[in-house]
Amino acid sequence: MDNKTIAAVFEEMGNILEIDGANFFRVNAYRKAARTVENLSQDLRKLVKSGHKHEIDEIPGIGNTLRDKIIELVETGKCAAHEAMKKDFPPGLLEMLKLRGLGPKKIRLFNLELGINTLAELKKAAEDGLIRELPKMGEKSENEILKAMAEYSMFSTDRSLINTARSEA
């Protein structure tokens, strides 16, 4: 597992924690780790596989817990904590993060106030005028959500960049 993929796992863990309403510092630790790992010049796979795991401790913002998760990701391709988080978490909430203009705080609001767990439920709520009733939301917010959903459905495909496809082939 490369640095970019490890960073994506940490970012997703941070998003899940934020949508769940976890402690800000815990959320921030995962986000900071994601940025650090993604921008790291060293390949974490090489550090782990060459037996230099102790060097991970020297990376700023990476403590024992995150170090252990990095090692687990490199060695197994999975992280038990990440899998456990995803198991009890509606996948539609993570998919909403792909919509332009929506972040974890808004998604949490939609989930808590309206019980929205999927893109279809979000679309229906926006079309029915339910979003505008929420704090700091209005008709413009509903229209922007509907536009973002139209863009997402138009441009989201299962296509890959050619260089990514070639490297995985």
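In this predicted model, the side chain of N3 reaches the backbone nitrogen of L44 at 3.0 Å. The side chain of N3 also reaches a second backbone atom, the oxygen of Q42, at 2.7 Å. Both Q42 and L44 appear again among the residues in contact with N3 once neighbours within four places in sequence are left aside; that list is V37, L40, Q42, D43 and L44. N3 itself is found in helix α1, which covers residues 3-20. With a relative accessible area of 9%, N3 is under the 20% limit and therefore counts as buried.

Helix α1 also packs against helix α4, and it is worth following that pairing next. The axes of α1 and α4 are 11 Å apart, and the angle between the two helices is about 130°. At that angle, α1 and α4 are therefore oblique to each other. The contact is made from the α1 side by I6, V9, F10 and M13, and from the α4 side by L66, K69, I70, L73 and V74. As for handedness, the crossing of α1 past α4 is right-handed.

Helix α4 spans residues 64-76 and holds R67. Is this arginine, R67, buried or exposed? The relative accessibility of R67 is 17%, and because buried means under 20%, R67 falls into the buried class. Not counting residues up to four places away in sequence, R67 touches K53, I56, D57 and I62.

A further partner of α1 is helix α7. Here the axes are 8 Å apart and the packing angle is about 45°. The helices α1 and α7 are therefore oblique to each other as well. The residues that make this contact are N15, E18, I19 and D20 of α1, together with P104, K105, I107 and R108 of α7. The crossing of α1 past α7 is again right-handed.

Helix α7 itself, residues 104-114, has a buried set made up of P104, I107 and F110. Why do these residues lie on the same side of α7? The arc that they cover around the axis is only 125°, so they share one side of the helix. On the other side of α7, the residues K105, L112 and E113 are exposed. Two of the buried residues, P104 and I107, are thus also named in the contact with α1. The cover over the buried residues of α7 includes α1, along with α2 (24-38), α6 (91-96), α8 (119-127) and α9 (139-155). Just after α7, G115 adopts a positive phi of about 70°.

A positive phi also turns up away from glycine. Most residues other than glycine have a negative phi. K136, although not a glycine, has a positive phi of about 60°. Where does K136 sit? The residue K136 belongs to the loop between α8 and α9. Its relative accessibility is 84%, and because exposed means over 50%, K136 counts as exposed.

How values were computed. Residues are numbered from 1 along each chain as its sequence is written. This is a predicted model: local features need pLDDT of at least 70, side-chain atom pairs count only at pLDDT 80 or more; totals for chains, interfaces and linings use all residues. Side-chain values use heavy atoms; hydrogens and water are left out. Helices (H or I, at least four residues) and strands (E, at least two) are DSSP runs, numbered from the N terminus. Buried means under 20% relative accessible area, exposed over 50%, partly exposed in between (1.4 Å probe, protein chains only). A polar contact is a pair of N or O atoms within 3.5 Å; within protein, one must be able to donate a hydrogen and the other to accept it, and residues adjacent in sequence count only if both atoms are side-chain atoms. Contact means heavy atoms within 4.5 Å. The arc is that of the directions from the helix axis to the C-beta atoms. Axes are lines fitted to C-alpha atoms, for helices over the stretch in contact, and angles run from 0 to 180 degrees between N-to-C directions. Angles under 35 degrees count as roughly parallel, over 145 as roughly antiparallel, 65 to 115 as roughly perpendicular and the rest as oblique. A crossing is left-handed if the near helix is turned anticlockwise from the far one by less than a right angle, and right-handed if clockwise.
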